[in-house]
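Reader: I am new to this structure and should be grateful for a close look at a single part of it. Please take the place where two of the chains meet, and then set that place in its wider surroundings.

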Amino acid sequence: MKNLNRRDFFKSAALGVSLTVLGTSKAKGSDKMLSDDRLGILVDTDVCVGCRHCEWACRVAHNLPTPDLDNYSDNSVFKEYRRPDAGSLTVVNKFENEKNPLLPIHVKVQCMHCERPACVSACIVGALTKGDDGSVVWDDDKCIGCRYCMVACPFQIPTYDYDRSIDPHIRKCDLCTDRRKNDELPACVNICPNEALLFGKRDAVLAVAKTRVKRKSDVYVNHIYGEHEVGGTSWMYIARKSFDKLNMPHLAANPAPGISESIQHGIFAYFVPPVTLYALLGTIMWITKRRSGDDDELISDEEEKGKGGKL
Amino acid sequence: MIPAPIKYKFITPGVIFLILIALNGLVFLAIRFISGIGAVTNLDNATPWGLWIGVDVAAGVALAAGGFTSAALGHIMHREEYHSIVRPALLTAMLGYTFVAFAVFVDIGRFYFIWHPLIMWNGNSALFEVGICVMIYVTVLYIEFFPMVTEKFIGRVNFPQFLDFLNKPVDMILRYLDSRLSATMFIFIIAGVVLSTLHQSSLGTLMVIAGQKMHPLWQTPILPLLFLLSAISVGFPMVIFESLIASRSFKLKPEMKILSRLGRMIGPILGVYLAFKIGDIFIRETFKYIVIFDTAAWMFIVEMALMMIAFALFLSRKVTRSPLGLFIASSFVIAGVLINRMNNFIIAYNPFYNPVKYFPSFGEISVTIGCIALLVLVYRAIVMYFPVISQEKREIIRKI
Amino acid sequence: MNKIYFIIIPLVLVCCLLGSNPKLQTKNPKMEENMVLLQDKIKKKKMPENPYENMMQGLKCQSCHAGDYPNKNDPMLRACLRNSMLATFHFSPEGPDEVVIDAMSENYNGVAFSHKIHAQMSDMSTGCSGCHHYNTSGRLLSCLECHDSKRSREDITVPDLKAAYHRQCLTCHKQWFHENGCSTMCHTRKTSNSTGSVQSPPSVKGKTHPPLKEPMKMVWETNSETGKIVTFFHNEHNKIFNISCETCHKQDNCLKCHENKKHDDYSGTVKIKKSFENHHKACIDCHKGSSCQKCHRDSEREPFNHVQSSGWVLKSYHSQLSCAKCHGSQTPYKKLDRNCTSCHKNFITGNFEHGKAGLVLSENHKGMECISCHTGSDFSKTPECKTCHDDKSYPAQSPGKRGRK
């Protein structure tokens, strides 16, 4: 079912692109050239041991309440699948490894920092922006809390403070922008004991990912998740199991905001369609008014009504 | 046939009932503003948009389409005979959009930043376009409504004793504005139609970005077109629906002459909409999802059935001639579009990780119904105070 | 011998480096003299013609260096070959008992690593190179020499030091953290009054691996349709056929033995899914060309029996011998032919005491060539008297006295 959905979606996506005649797919925002120096992080799920230190470090770095690090050794949190929420920007989940049950697969979840982010395209006030370094960052001062980014995100990442009336935040990984300003690594990358999170320039990281998948072809499935998904993401994953089974959505290579933006730009191509429509309607109005033989019809009509009202 | 305030008693048992519903809604509204959205709604991180967006905003905008369709018919196509429906439709649109704006104010987390889109632009965002268009359109609607205010007050501005020195200047201002508006009203009327066309369609674009999170029965790149067509289709039925309800409520004679003619136009418009909708299903071969008969499929069947029955009804002369037939047929269209919007924004939205299927909470439903009740009450108050609904002169004289 | 290698290899390497650089070659004639000297030395020590062949385990320069002219500033190194490149000529008992890892001890005391016991265990798996990977012959490289101590670094193809350390341990000890946290098993927290010296837990110090218990016979019921039962005599492979443990257990994961059933709810033993090929690999590597029925039977197999397996009855003298005496020290054992002289090279005419075969030859027959009676050199067949004598027949009339001499 899921699979069928997807195929149909792509089919309709293709249809959409061809339908938007005026679209010319000149999506201004998303055609911005991406910097060659943009960042990437590789999650090697085979190296990750599920210590969840990244969760702890992330909370500390973002001033979110967190229990003591020693409490993180508790294995029972893995019993249920978790997602990031208002209190944690990243979580690690455990998946069974049927080939060797003693080596379960741990998968960290956080914002993927898409190359062509849907949330940035969607945000009504431009509170989400894609930086030159590749990070997708949320602006507290702009956000109006409409949660359209959450609707748009193909990875279901942005979360919202549903329990706050004043100053609710959209929360998601910001690639530790503040820490990096001080020449520090992102908190999760920094604390990871195994360097299961490999941080560097996206090209270099991708090269390492390719090497590892090739070198240990008997271990890894031949798929670098995030290399092509929704036009590529900053975070990438390699694993010994199909990503479908690791609760990672199956996505195509076309950028998430693609069709939406081309429709949008089709309707609004340099304001030509609205202005044309305006002119057209004006002409019709003028013609019909003349046909009725009275140039001042509308005004006199209003006046007439006015008189009626005064009765 | 001249628009005039309706003289009728305001409080009736029905009105009291509406007031109670509205008060219930206001209680939950208060909780939402004190304790946050989570305290009232069933929304979560998997389902960020629910009833308030699906019904209050999306369906609200669609059902307020009577304003621009009748304006297009009455003013732009210049069909004088329809002028009497323009004012009530305009009022519905004005109140409807105010209601929509209020719903947005309630639903967005940082309601105090609702003005941000005015100065912070994102041209790529469909929501931005909807927001801006709705904001401008609400203003335009208020301007369009303004003649009714001037009509009411010119020559009879009467402030209380201690402010009575203001009577004259205010009267002058009103007269000046009235004359300026009369000359420039056509600008606003056309603008209103253009803005409506834009945001009615962009409302459809909204969900396109949700991609495969949206059920393939609804996720189509022609969503904007379908939204626009369905909005146009529901415009006249909404006008008919209101007019008939108002006549019944105020014990007036239904304006069957105009309504029947209006009704006859609905059939073809619905036909166009259905042609696109059904064509879309066949081109994308999504009909296979209908035969699964899950919740989504049934909701789709209901939506389509309502629209198709309405289409069949509107094609019949017999139906368009009788008030009851018109009322039922119009109700079908309204219900069809309402369910279509709910389907698009709620039923169709099915993300890959969704442990708790969304169903609106009692609080959400209370707020939505409360707001609608409030809307009806305000409508009633306005038509009783301002010259909105056209009546036979005879009747007016008799009532006076 | 080893010490000399240590001197020679770097020298040779340097010379080759310099020698391969055309500029230096022409500018520095002294180098050539050095080269000659070195070659002489090598010859004196009876080194193989190509010294790298032995020393670098068949590594070519190109295995590590991408360019033709690598130098110190730009070694043109390729990506790490890691496990494919074998290293270190050491044996587990040579290693230290315990190693303290404290290169990164800012927040924690150093970590006491029980080297010996791990070295012993590694014999059953990857050997020394499992941990000391990418270490060419010669001294052992410290982790720091390849693994950067800073995580933020230029070359991310190699993990940083922290990761290198942790991966060494956590790849096997994946469950440790969840059982005990970091500070119990490895890292003791630094306190203000601690001296920084590492107190290794007494349980680790000098610990050796307990002797392994060897199973005698293993019987599996397989999914195979015909011949469900597979019997494997572990002791025979090990003791009789003299196959070393590593021959089969070279890829074993520590977890195969050291699974922790206490804390995780995986019940029973570790079942690792394998493909059909991988599943049979352990046996087929040696038993190439055998039919399925060799292993897959309908009932349990009997233990090894020389008669049944080879058709050769080990009588008296032969039954006393160790297998290696005939089959050689090389395992797996090769099949031998039945020609006595294949082994008994000294069994030639006049040298063989025929009495050993149970018949002391009479004077008449003593001086004859062996093949006169044993036609076709087939000693397993009893000779026929009739080939020479018309009137006699064996065994009624024997050519000598029966019984051993």
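Author: Two residues are said to be in contact when heavy atoms of theirs lie within 4.5 Å. The model is a predicted one, and every value below is computed from it.

With that meaning of contact, one may begin at a single residue, B:Asn122. This residue is found in the loop that runs between H6 and H7 of chain B. Setting aside neighbours within four places in sequence, B:Asn122 is in contact with A:Val120, A:Ser121, A:Ala122, A:Cys123, A:Ile124, A:Val125 and A:Gly126 of chain A, and with B:Phe128 of chain B. One of these partners also takes part in a polar approach: the side chain of B:Asn122 comes to 3.3 Å from the backbone oxygen of A:Ser121. Is B:Asn122 buried or exposed? Its relative accessibility is 9%, and B:Asn122 therefore counts as buried, since the cut-off for that class is under 20%.

From this residue the view may be widened to the interface of chain B and chain A. Here 86 residues of chain B are in contact with 90 residues of chain A. In chain B, the residues that lose the most area to chain A are B:Arg110, B:Ile209 and B:Phe352, which together account for 12% of what that side buries. The area buried between the two chains is about 7500 Å², and carbon and sulfur atoms give 62% of that area.

Charged and polar pairs can be counted as well. The rule finds 3 salt bridges across the interface of chain B and chain A. B:Arg110, already named for the area it loses to chain A, forms a salt bridge with A:Asp167, where the closest N and O atoms are 2.9 Å apart. Between chain B and chain A the count of residue pairs in polar contact is 31, with both residues at pLDDT 80 or more.

Which elements of chain B supply at least two residues each to the side that touches chain A? They include strand S1 (2–3), helix H1 (13–35), helix H2 (37–40) and helix H4 (66–76). Also among them are helix H5 (83–107), helix H6 (116–119), helix H7 (126–153) and helix H8 (167–208). H8(B) gives the most to this side, with 17 residues. By class, the side of chain B that touches chain A has 49 nonpolar, 24 polar and 13 charged residues.

The discussion now turns to other parts of chain B. B:Asn344 is placed in helix H13, residues 323–347, of chain B. Not counting residues up to four places away in sequence, B:Asn344 touches B:Met207, B:Met214, B:Trp218, B:Leu223 and B:Phe227. With a relative accessibility of 1%, B:Asn344 counts as buried. B:Val302, in contrast, is partly exposed, because its relative accessible area is 34%. B:Val302 belongs to helix H11, residues 295–315, of chain B. From C-alpha to C-alpha, B:Val302 and B:Gly336 are 7.8 Å apart in space, while 34 residues separate them in sequence.

Chain B as a whole has 15 helices and 2 strands. Of its 400 residues, 60% are buried. Among the contacts in chain B between residues at least 6 apart in sequence, 81% join residues at least 24 apart. The accessible surface of chain B is about 15700 Å², and 74% of it belongs to carbon and sulfur atoms.

Chain C may be described in the same terms. Chain C has 18 helices and 7 strands. Of the 405 residues in chain C, 20% count as buried. For contacts in chain C with a separation of 6 or more, residues 24 or more positions apart account for 55%. The accessible surface of chain C comes to about 29500 Å², with 55% belonging to carbon and sulfur atoms.

Finally, two residues of chain A deserve mention for their backbone angles. Most residues other than glycine have a negative phi. A:Arg52, which is not a glycine, has a positive phi of about 60°. A:Arg52 lies in the loop between strand S1 (39–44) and helix H2 (53–61) of chain A, and at 7% relative accessibility A:Arg52 counts as buried. A:Arg147 likewise has a positive phi, near 70°. A:Arg147 is placed in the loop between strand S5 (136–138) and helix H4 (148–152) of chain A, and is buried, with a relative accessible area of 1%.

Notes. Residues are numbered from 1 along each chain as its sequence is written. Chains are lettered from A and ligands numbered from 1 in the order in which they are written. Side-chain values use heavy atoms; hydrogens and water are left out. Buried area is the accessible area (1.4 Å probe) that two parts lose on being put together, summed over both. A salt bridge is a side-chain nitrogen of Lys or Arg within 4 Å of a carboxyl oxygen of Asp or Glu. A polar contact is a pair of N or O atoms within 3.5 Å; within protein, one must be able to donate a hydrogen and the other to accept it, and residues adjacent in sequence count only if both atoms are side-chain atoms. Helices (H or I, at least four residues) and strands (E, at least two) are DSSP runs, numbered from the N terminus. Ala, Val, Leu, Ile, Met, Phe, Trp, Tyr, Cys and Pro count as nonpolar, Asp, Glu, Lys and Arg as charged, and the others, Gly among them, as polar. Buried means under 20% relative accessible area, exposed over 50%, partly exposed in between (1.4 Å probe, protein chains only). Accessible areas come from the Shrake-Rupley method with a 1.4 Å probe; for residues, only the protein chains shown count as cover.
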